[in-house]
Amino acid sequence: MIERKRDDEFVVVSNGMLGYGFRQESLREAVEAGVDLIACDAGSSDPGPYYLGSGKPFVGDAMILRDLRLMVQAGADAGVPLIIGSAGGAGGDGQVDHLLVLLRRVLEELGLDRKVAVLRSELDRETVRGAVEEGRVRVFETGAALTVEDVDAAAHIVAQVGPESYFRALAGRPDILVVGRAWDVSNIAALPLMQGRDRGLTLHMGKILECGSLAARPTGGGDLILGRLRDDHFIVEPTHPDKACTQASVSAHTFYEKSDPVMLAGPGGAVDLRGTRFDQIDPRRVRVTGSAFREAERYTVKLEGARLAGHRALTVGGARDPAFIRSIDAIQEAVRAKIHETQAGFIDPSQYSITFHRYGLDGVMGAWEPNRQAAHEIGILIDVVAETPEIAEAVCGLARSTILHVPFEGRRATAGNIAFPFSPAEIPAGPVYEFNIYHLMEIDEPESFGRLEWLQ
Amino acid sequence: MKALGDVAEVIRSKNAGPFIVTFDILFGDEETFEAVRAAGLLNRQAVCRLYGVSDNELLGFDFYPFARAVKFSLRRPVGSGGPRDADVYGAQQHAPLLDLAVLP
């Protein structure tokens, strides 16, 4: 049972990921109790650089259509805006276009005529190159300065837009606003900020709500989450009757995917949580007070760019012989040396990389693994990334045949070192991308940042 | 001796952006949190030893009473999802913490 919305509060119901599903009654009950906004995140950099680089969405159409249909209908029923950010996963122009195709289909099916605004945030290389040359791009968590070469190498570059960039679109009173790559908090915070709500509380509420019901317990079975923003506090509550927001679940969520849990940095400044209080007001709801905004000297947006790193071929096999397992390091080096030698004059080592993932030894943690005791059998995934798919397959094939027969200390089984589960053993696995831009760009006018369009 | 896995409610790792993995240790009650803090066995050196990193590679190790939590971060050897990465979400780097002795 969701309490009726009070006149003095701004109520947001938030979906943490478009297409991951939620309980239908949750949205209906929230809308019936009264909301001012339906907010929805549709992307993340978490699934890796492939989606930004390739432009492919990481959630299937059928899953997106289901969530979209329910939210579009709910927005129309309640007469409140629906804001979707980081469209298509990585928020590039192509991914925004794809979401718009799905949205049109939903509107047609539902027989609805809605005013749709689109705010794009993919940047052309020239714009970013200009910012690099003007010294407006800062070193961030890559630890390296952005170069013009990085910019030229990127397949796509997007900026995570802040809530201020939504204002221009919201001023036109859209029913639905679709945004390219966005700071997750923006989808929830833009509208209340525009209405003059407190910046520290609004942004902090956005941060807690942006992952949906992940701030509630139990965490399994994703659902929506609801926030009530009032003058000097906000309240977080689950929309699912079997979930509860607790002092622990909400304060802990402040930590999630953040390296600094007391200064939540975003475009334009940071939310300072040193004076924040989390109070349990009833078994399912938490009240948050005291979060304060600290304005930065310069407004920045985070840039993300991905470049093609090569093409992958891989093979998987298992080793059971204890002498082989003991010699695994030397065997790997022998395989590398043999490939180098065989391909001298044909394929240069600079054209490919070979990674041995050794499951049962250190396959998950690599250099960070403190437990160096191998299991009685180990799985070896040989991952080759090369300039072309042909080189990747050639090197992978050679790595497979070499590791199968390479001699090692104490070998008694001379017929083959590895059990391969497949024939053919090599699997071509397509293009591989890597994040090559993750930097902060200073901008002067966040309110006019991004490209705004209106759809009919 | 009690291990962290016996006394903490949540022990997890996750990407904080594509270049950092952040670790959260959350305690179920204030008493346990304070006991672990007072014992002093969960500290920067212990974490560095566990992950084979030097002190300057360990980012922001701290105790946060408001959430009954400990948090630290590590810079990834390679970016998430790029060549040579083994954990795109950074979600399975927490396990060595489970066995760390934190209470006498």
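The paragraphs below lead from the overall build of chain A to two groups of its strands and then to its contacts with chain B.

This is a predicted model, in which local features need pLDDT of at least 70 and side-chain atom pairs count only at pLDDT 80 or more, while totals for chains, interfaces and linings use all residues. Residues are numbered from 1 along each chain as its sequence is written, and chains are lettered from A and ligands numbered from 1 in the order in which they are written.

Chain A has 13 helices and 20 strands, these being DSSP runs numbered from the N terminus, with H or I over at least four residues for a helix and E over at least two for a strand. Its C-alpha atoms fill a box of roughly 80 × 50 × 50 Å along the principal axes. Of the 456 residues in chain A, 50% are buried; a residue is buried if 20 or more other C-beta atoms, placed from the backbone, lie within 10 Å of its own. Among the contacts in chain A with a separation of 6 or more, 77% link residues 24 or more positions apart, where a contact requires C-beta atoms, placed from the backbone, within 7 Å.

A good place to look inside the chain is strand β8 (residues 176–179) of chain A, which is covered on both faces, with I176(A) and V178(A) buried on one side and L177(A) and V179(A) buried on the other. Strand β3 (residues 82–85) of chain A pairs with β8(A) in the parallel sense over three bridges, pairing being assigned if DSSP finds at least two bridges between two strands. In this pairing I84(A) stands opposite V178(A). Strand β4 (residues 116–120) of chain A also runs parallel to β8(A), joined to it by four bridges, and here L119(A) stands opposite V179(A).

An antiparallel arrangement appears in an open sheet of three strands of chain A, in the order β11-β12-β15. Its edge strands, β11 (263–266) and β15 (292–295), each pair on one side only. Strand β12 (residues 269–272) of chain A pairs with β15(A) over four bridges, and V271(A) stands opposite F293(A) in β15(A).

Turning to the partner chain, 36 residues of chain A are in contact with 36 residues of chain B. On the side of chain A that touches chain B, α10 (247–253), β16 (300–319), β17 (352–359) and β19 (427–442) each supply at least two residues, and the largest share, four residues, comes from β19(A).

Key:
Buried ≥ 20, exposed ≤ 12 C-beta atoms within 10 Å, placed from the backbone. Contact = placed C-beta atoms within 7 Å.
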